[in-house]
Amino acid sequence: MNKPLQSLDHIHADNDLKEKTMLHVLQVTKRKSQSPKGKWAFAILLLCFFISFPILYLFNSSPSSEDDSNIEAIVSFDINPSMEFKVNSELIITSIKPYNQDAKKIISALNLKDKRIDDAIDILLQDPLYRAYFKDGILEIGIYTKNSQLSSQLDTLVQEKLQSKLSTSQYHCSHIDEETHTAAHNSHNSIGKYRVIEEILSYDNNYSLEGLSNKSMKELYKILSLYDANNIPESCQKSTNENGHHGKHH
């Protein structure tokens, strides 16, 4: 085995990775290979390497992040639990992202993944733990998608579900634009919650993003009402201007 790297030609891996791995094997066994017993040990070790290398390569080259290629929309739910659902074109939830501990508790207690978004709303609003937040809370739902047809479909589904289970003073729904979507994720906030935070900051920049991020939706809307009483949730409706916000002032 004068050219051991040639034995790796059938393995589809980066050449640098092959060379570094082989160099490590040679360094580890260099001293042992000086004796007949050491040569046998070296041969066995090298055989194990050839067997395990493809497995290790496949493990290390597996995707480290979720494939978002089939994601068509993001729907955020904020009351105090703050979470986002990624949904596909069939309105099936493919993943859920919690933004605080309250959301983690809700997600761990309920089986929402792989459910249709309207079914997930039913499950959430029937759950006693989640319902408890409505005693002194306001639900903010944010919808982000580049698909106009899907946007209308989601808007209709969400309105029907919320109107049948909540009073209009208990929730608000908004459609999120690309700029707000990007800014929200850069600030580690859900899209719906960030929209309200951004609205407050447009009136008064004495607030900090971090400080507002730690508040519940009810607390955020109380602050916002000091500047614009018309922004208090009354119904779930598409309420965006050309910038994706409703009534934003600078």
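A residue counts as buried when its relative accessible area is under 20%; the exercises below use that cut-off on a predicted model.

**Exercise 1.** Work out what share of the protein chain is buried, and describe its surface and its elements.

*Solution.* Begin with the cut-off given above: of the 250 residues in the protein chain, 42% count as buried. Next, turn to the surface, where the accessible area of the protein chain comes to about 14300 Å², and carbon and sulfur atoms account for 51% of that area. Finally, go through the elements of the protein chain, which has 10 helices and five strands.

**Exercise 2.** Find where pLDDT stays under 50, and state how many contacts beyond four places in sequence the model has there.

*Solution.* Start with the whole protein chain, whose mean pLDDT is 79, with 65% of its residues at 70 or more. Then take residues 55-66, where pLDDT stays under 50 and the model has six such contacts. Over residues 235-250 pLDDT also stays under 50, and for these residues the model has 42 such contacts.

**Exercise 3.** Describe the largest pocket by its volume, its lining residues and the helix that gives the most to the lining.

*Solution.* First, the volume of the largest pocket is about 210 Å³. Second, 13 residues line this pocket, and those closest to its centre are Tyr 99, Asn 189, Lys 193, Ser 213 and Asn 214. Third, the lining divides into two nonpolar, eight polar and three charged residues. Last, helix α9, which spans residues 209-213, gives the most to the lining, with three residues.

How values were computed
Residues numbered from 1 in each chain as written. Predicted model: local features only at pLDDT ≥ 70, side-chain atom pairs only at ≥ 80, totals over all residues. Heavy atoms only, no water. pLDDT = per-residue confidence, 0-100. Contact = heavy atoms within 4.5 Å. Helix = DSSP H or I, 4+ residues; strand = E, 2+ residues; numbered from the N terminus. Buried < 20%, exposed > 50% of the residue type's maximum accessible area, 1.4 Å probe, protein only. Areas by Shrake-Rupley, 256 points an atom, 1.4 Å probe, with all protein chains shown as cover. 1 Å grid on protein atoms, 1.4 Å probe; cavity = no way out; pocket = protein on both sides within 12 Å on 5 of 7 lines; lining within 4 Å. Points joined across faces, edges and corners; volume = space filled by probe spheres on them. Nonpolar A, V, L, I, M, F, W, Y, C, P; charged D, E, K, R; others polar.
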